[in-house]
Amino acid sequence: MPTTASASFTSGADGGPTSLVARLSSGDPDVKLRALREVKNQIIGSKTKKLGYIKLGAVPRVASILSAAIADGDNVVVQSAAALGSFACGFDEGVQAVLAAGALPLLVRLLDHPDDKVVDVGARSLKMIYQSEFAPKYEILERKSLEFLVSLLNREGENVTELGASIIAHSCRTVEEQKTMLEAGVLKRLVSFLDGSVGQRDASLGSLAAAFRNNAEVITEFMGPHGGKPFNAIFRLTVDSNPKTRLLACQCLIVIRNATDCYVQELGFKRKLVTTLLELLDDPGQVGDECPFVLSSLVEGKEDLHKIALEADAMVKLRNCMDKENVNPRRLRGVLLALADLCSKLESCRSTFLSMKVLKPLTGFLNHKEEDIRIAACTCLKNVTRSVKNLCAGYFMKNEALVNALILLLTDASEEVQVAALGVVSNIVVDFTTHKSMFVAHEGMQQLFCLSKSMVPAVRSNALRALRNMTFLADDKCKEAIYLGMTPSLIANLIRDDELSVKEQALALVRNLVDGSVGSIEQVFADDSIILDAVGSQLQCCPNAEVLLQGIYVLGNIACGNEIHKEAVTCLLFPLAGRGPEPFFVNFLLSSDSRLRLATIWVLINLTLPSPGALKRQERLQNEGVLSIVRSMVNDPCLDVKIRVRTLLTQTEHFGDF
């Protein structure tokens, strides 16, 4: 979308835009009226011209003309109101300019004008405003506002009733507002519009979707007494001759399905929604642009619908949309997100996706000029790269073009793009083969080190997640590279980070780093054990279970090391002889979270494995009362915990019969 008017547009020559805007302030009513008409006619369908006139200050002048003439029913009122609507039509900058000029209350006043033509043009212009996310929220819960809204729906004029429905679609957001719409009889009135004009049907469907969204109570309360008639009325519109109506009907039914199990659960309904939406993908206009987003909301997180969509060749049809020349960026973004949702669960969907040779164009979209497209491409790749089969084969890491494009995105100016790219990187660096070296060779690891220091918590957290995954089952060489790139003080500071997600990922990284050879464990004792101290501090004071879980597993892995390492863990858990273990350790053994109980038992198992100092540590566990707690866990409700408790007690059985 253009952000500046061209030099030729702003020319001050006679008859040019600057002169035309000046004539809007003329003292001659005829000159002013002609200028209004000309501005209105010039901006219709042209965002460039709308922006140009906005920059020349046309909107406040048009609003001023309307304010001065509002008491009259003459053509000046009609033309000025229509011009404001034209500025707002499909153009957010225009909506913002109209609102800034104070035109909204003026247009609302027109709804009570005695001249039907004035009322109609006022309603049409307000509709244009309320189709934008920048329109102010209408306070539905205020009594006078609700009464006014109901009065709009009960008017005769189509534009006025459509306006009322548009306001509901824009402003009905909370559960309380949805219930108010139900109790005031608004939903019943909206359903009656489903038999009205195309505009009334479409506005009604949008409003019903807003009133039903995530509210099973309102849906069942409204649908129930009417025997499903409202539902059937909506469903019939999925075969309407108007593409937009079909799309909105599908969208409304999807909202109902996502909120309650009472409707749209039958296989036939689901297939009908999928096939209708796939047909609408071919629409060349706005319907086709919005359709992928609606399809995405239908299949998101639902394996049964993924299978239905796969059987209906949804992958192929979405792929064909990507191949078209000059595809609308919004449509392309929707297609990528729909493909992402379809690849989020089933390996069969991912296999079909990769078999269509789509990885090359998808990699190209990582370099798209539109930020939203780059993010959507990353989202799609993130779900596709969950394929364990292809990760095992090194399918993604061997693709040098993909690796290079992702590393480039790690330096993107947009933090949202960086986070999205890190999501893909976190998957592909797991790579169970030996291809991680390609990522390192292209300085990918260096970029992760830099991003782990980012001021943005989401970037830090995701960079650490990628490093964590890179160290999964990694060899010592890979771990050494990470220790060289991240100082002990940096790792310790990340463990103590204010953000829980950063703490968790930093501890998970250390957990992987110390999972293996004695040499890799030794690194946590560098700089006076600053990393181990940070781990201990989090175990003592952090209330978050995910952080604690990673921290206790760090101790469990260190306890697999040599005698020095085992003693360090023992001293951390039992700092003073005869005083018992640290309170947090007892709390973990008695935790309601079976994962924490299991991880804590693993620490004790590793400390008591046969080794020169094992007997001394076993005696300490006995004397400090730990083993008595463990004995009480022999019938733990979690099978994994029960098994590991018995393993531990078997190792220490010489202390008595258990």
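Helices here are DSSP runs of H or I with at least four residues, numbered from the N terminus. The model shown is predicted.

**Figure 1. Overall view of a chain with 42 helices and zero strands.** The C-alpha trace spans about 105 × 60 × 50 Å along its principal axes. The chain has 658 residues, and 54% of them count as buried. Among contacts with a separation of 6 or more, 69% join residues 24 or more positions apart. About 28,400 Å² is exposed, and carbon and sulfur atoms supply 51% of that area. Charged side chains number 71 positive and 75 negative. The centres of these two sets lie 3 Å apart.

**Figure 2. Close-up of D313, in the loop between α19 and α20.** Helix α20 covers residues 314-323. D313 has a phi near 65°. That value is positive, in a residue other than glycine. D313 counts as partly exposed because its relative accessibility, 45%, falls between the 20% and 50% cut-offs.

**Figure 3. Close-up of H306 in helix α19.** Helix α19 runs over residues 303-311. H306 has a relative accessible area of 0%, so this residue is buried. Beyond its neighbours within four places in sequence, H306 is in contact with V299 and G301. Other contacts of H306 include D341, L342, S344, K345, L346 and C349.

**Figure 4. A positive surface patch of K345, K382, R386 and R465.** K345 also appears among the contacts of H306. K382 lies in helix α24, residues 371-384. The relative accessible area of K382 is 35%, so K382 is partly exposed.

**Figure 5. Close-up of K117 and D74.** K117 sits in helix α8, which covers residues 116-130. K117 is exposed because its relative accessible area, 54%, is over 50%. In sequence, K117 and D74 are 43 residues apart. In space, their C-alpha atoms are 9.9 Å apart.

**Figure 6. Helix α32, largely enclosed by the rest of the structure.** This helix comprises residues 488-495. Six of its eight residues are buried, so the rest of the structure largely encloses α32. The buried residues are P488, L490, I491, A492, L494 and I495. Their cover includes α30 (457-470), α33 (500-513) and α35 (526-541).

**Figure 7. Close-up of S529 in helix α35.** Helix α35 is one of the elements that cover the buried residues of α32. The phi of S529 is near 60°. This is a positive value in a residue other than glycine. S529 is buried because its relative accessible area, 18%, is under 20%.

**Figure 8. Close-up of L573 in helix α37.** Helix α37 covers residues 563-573. L573 has a relative accessible area of 0%, so L573 is buried. Its C-alpha atom is 8.8 Å from that of F584, eleven residues apart along the chain. F584 is also one of the contacts of L573. Leaving aside neighbours within four places in sequence, the contacts of L573 further include L555, P581, E582, F585, V603 and L607.

Key:
Residues numbered from 1 in each chain as written. Predicted model: local features only at pLDDT ≥ 70, side-chain atom pairs only at ≥ 80, totals over all residues. Heavy atoms only, no water. Patch = residues over 30% accessible without salt bridge, like charges linked within 9 Å, V, L, I, M, F, W, Y side chains within 5 Å. Areas by Shrake-Rupley, 256 points an atom, 1.4 Å probe, with all protein chains shown as cover. Salt bridge = Lys/Arg side-chain N within 4 Å of Asp/Glu carboxyl O. Lys, Arg positive; Asp, Glu negative; His and termini not counted. Charge placed at Lys NZ, Arg CZ, Asp CG, Glu CD. Helix = DSSP H or I, 4+ residues; strand = E, 2+ residues; numbered from the N terminus. Buried < 20%, exposed > 50% of the residue type's maximum accessible area, 1.4 Å probe, protein only. Contact = heavy atoms within 4.5 Å.
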